[in-house]
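This report describes selected residues, packing regions and aromatic contacts of one protein chain. The sequence and the structure are shown first.

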Amino acid sequence: MFPPHAYRQSQITEALARCLPPGSDTGMLRRMHASVGVESRRLALPLERYGPGNDFGTTNARFVEAALDLGARAIELALAEGALPARDVDLVMSTTVTGLATPSLEARLAARTGLRPDVRRLPLFGLGCAAGAAGLGHLHDHLTGRPGHAALLLSTELCSLTLQPTDTSTANLVAGALFGDGAGALLAVGAGHPLYDRGAGPTVVDARSRLYPGTEALLGWDIGHWGFRMVMGRELPTLVRLHVAGEVEDFLAGHDLKPADVAAWICHPGGPKILDVLGEALGLPDSALAASRSSLATAGNLSSASVLHILGNVQSAGPPPPGSAGLMIGFGPGFASELVLLRW
């Protein structure tokens, strides 16, 4: 689910170039925007409303307003596609890392979308881009223990509202080149639920979380009166090569699988270098990560919502044959990885 304001990458590039302080290297910004594999993005606000002078309170209020609209639409679509009344949802989990809301988004959306007053709620903040995969793993844990339940995962990320228009740091310029806005919702049911045997989507087989010690300062937010300022170390692709590829291979081996056995890769598109390094380290053909590259090109990096967007596109394009394995991968602050093994 996307906001209505659609722009080509070149339009966003020129708008951000005009916001930079006098004497800034606009050529560097343009080169960066041209090299990240993003062709278009959707934004929470019209492009002319971005710029210096928006304080944290004003920006966060805009986040809440837009996030509630997108989140409601995403939930309603997921329930309609799953043919499940909202009152039959037992758990709703919401993820975001691009704004603050207390009461949390799913609490504000409960009555609006028809969820029961006694629906169990679990808001997640701080997992960053990994939260989509992590959330699906936590839904799996809940439904394993409560097989008759139905659960919703809602991811709402308005990355554009975190941008610092006058910040010329490399991390902020990369963020301005990569990130887009969007929301996604996923409906899951336990093995004892009446909808279980009618589901067209994959089954979650297993999930794994991993923190990589000593990497805490490489990815996250620097939060202050200015709002959210991106922290992004240039070592991240190296970490993916050194640690994540081995983690993926070990996780798959526990299920008697190798990377070549995975039919569908639902990999968070952290950026073209991340995808390049992961593909090379795992020995994957270019086609394996095509769905991730397509999502990056058409929508940008949607943070935690990206993996839901990619999974939806895989389903829409025609899912893998029954029995095929899929792997969802997310990366986030910590530095951390989240893996979810799927089976169609």
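## Valine 262 and its surroundings

V262 has a relative accessible area of 8%, and because the threshold for burial is under 20%, this residue counts as buried. The model is a predicted one, and V262 belongs to strand β10, which spans residues 262-267. Beyond its neighbours up to four places away in sequence, V262 touches L252, A325, G326 and L327.

A separation along the chain can also be set against a separation in space. V262 and I75 lie 187 residues apart in sequence, and their C-alpha atoms are 29 Å apart.

## Annotated domains

Two spans carry domain annotations in UniProt, each from an unreviewed entry. The record lists residues 64-191 as "domain: Chalcone/stilbene synthase N-terminal" (unreviewed entry). In the model, this span of residues 64-191 is 41% helix and 22% strand, and its end C-alpha atoms are 35 Å apart.

UniProt also lists residues 206-343 under "domain: Chalcone/stilbene synthase C-terminal" (unreviewed entry). For residues 206-343, the helix content is 36% and the strand content 29%, with 10 Å between the end C-alpha atoms.

## Nonpolar cores

The largest nonpolar core holds 55 residues, and the members that touch the most others are L115, L152 and L158. Several elements each supply at least two residues of this core: helices α1 (9-19), α2 (26-35), α3 (56-82), α4 (105-113) and α6 (170-178), together with strands β5 (150-158) and β6 (181-189). Helix α3 gives the most, with 11 residues. Another core, of 30 residues, lies apart from this one and includes L252, L282, L339 and L341.

The contacts of L158 illustrate its surroundings. Leaving aside neighbours within four places in sequence, L158 is in contact with A44, F63, A66, A67, L70, T98, D181 and G182.

## Threonine 95 and glycine 180

T95 is located in strand β3, residues 91-95. Its relative accessibility is 2%, so T95 is classed as buried. Not counting residues up to four places away in sequence, T95 touches L124, A131, L153, L154, S155, T156, E157 and S304.

G180 sits in the loop between α6 and β6. Its relative accessibility is 0%, so G180 is also classed as buried. With residues up to four places away in sequence set aside, G180 touches R41, R42, E157, C159, A299, G300, N301 and L302. One of these partners, G300, is 120 residues from G180 along the chain, yet the two C-alpha atoms are separated by 4.8 Å.

## The β8-β9 hairpin

Strands β8 (residues 219-224) and β9 (residues 227-232) run antiparallel and are joined by 6 bridges. The hairpin that connects β8 to β9 passes through 2 residues. Within this pairing, D222 has R229 of β9 as its bridge partner. R229 also lies over the face of W226, at 4.1 Å from the ring centre.

## Aromatic pairs

How many aromatic pairs does the model contain? The count comes to 4 aromatic pairs. In one of them, the rings of F56 and F228 have centres 5.5 Å apart and planes at 80°, so the pair is edge-to-face. F56 lies in helix α3 and F228 in strand β9, so the pair ties together parts that are 172 residues apart in sequence. F228 is buried, at 3% relative accessibility.

The rings of F331 and F335 have centres 6.2 Å apart and planes at 15°, so this pair is stacked. Both F331 and F335 are buried. Ring pairs further link F56, W221 and F228 into a cluster.

## Helix α10

Which residues of helix α10 (residues 306-316) are buried? They are S306, V307, L308, H309, I310, L311 and V314. As background to reading such a list, an α-helix has 3.6 residues a turn, so residues three or four places apart point the same way. Just after α10, G318 takes a positive phi of about 110°.

Conventions:
Residues are numbered from 1 along each chain as its sequence is written. This is a predicted model: local features need pLDDT of at least 70, side-chain atom pairs count only at pLDDT 80 or more; totals for chains, interfaces and linings use all residues. Side-chain values use heavy atoms; hydrogens and water are left out. Helices (H or I, at least four residues) and strands (E, at least two) are DSSP runs, numbered from the N terminus. Buried means under 20% relative accessible area, exposed over 50%, partly exposed in between (1.4 Å probe, protein chains only). Contact means heavy atoms within 4.5 Å. UniProt positions are given in the numbering used here, feature names are shortened, and annotations may be inferred rather than shown by experiment. A nonpolar core is a set of buried Ala, Val, Leu, Ile, Met, Phe, Trp, Tyr and Cys residues joined through side-chain atoms within 4.5 Å. Two strands pair if DSSP finds at least two bridges between them. Rings of Phe, Tyr and Trp (its six-membered ring) pair if their centres lie within 6.5 Å; planes under 30 degrees apart count as stacked, over 60 as edge-to-face and the rest as tilted. A charge sits over a ring if NZ of Lys or CZ of Arg is within 6 Å of the ring centre and within 35 degrees of the ring normal.
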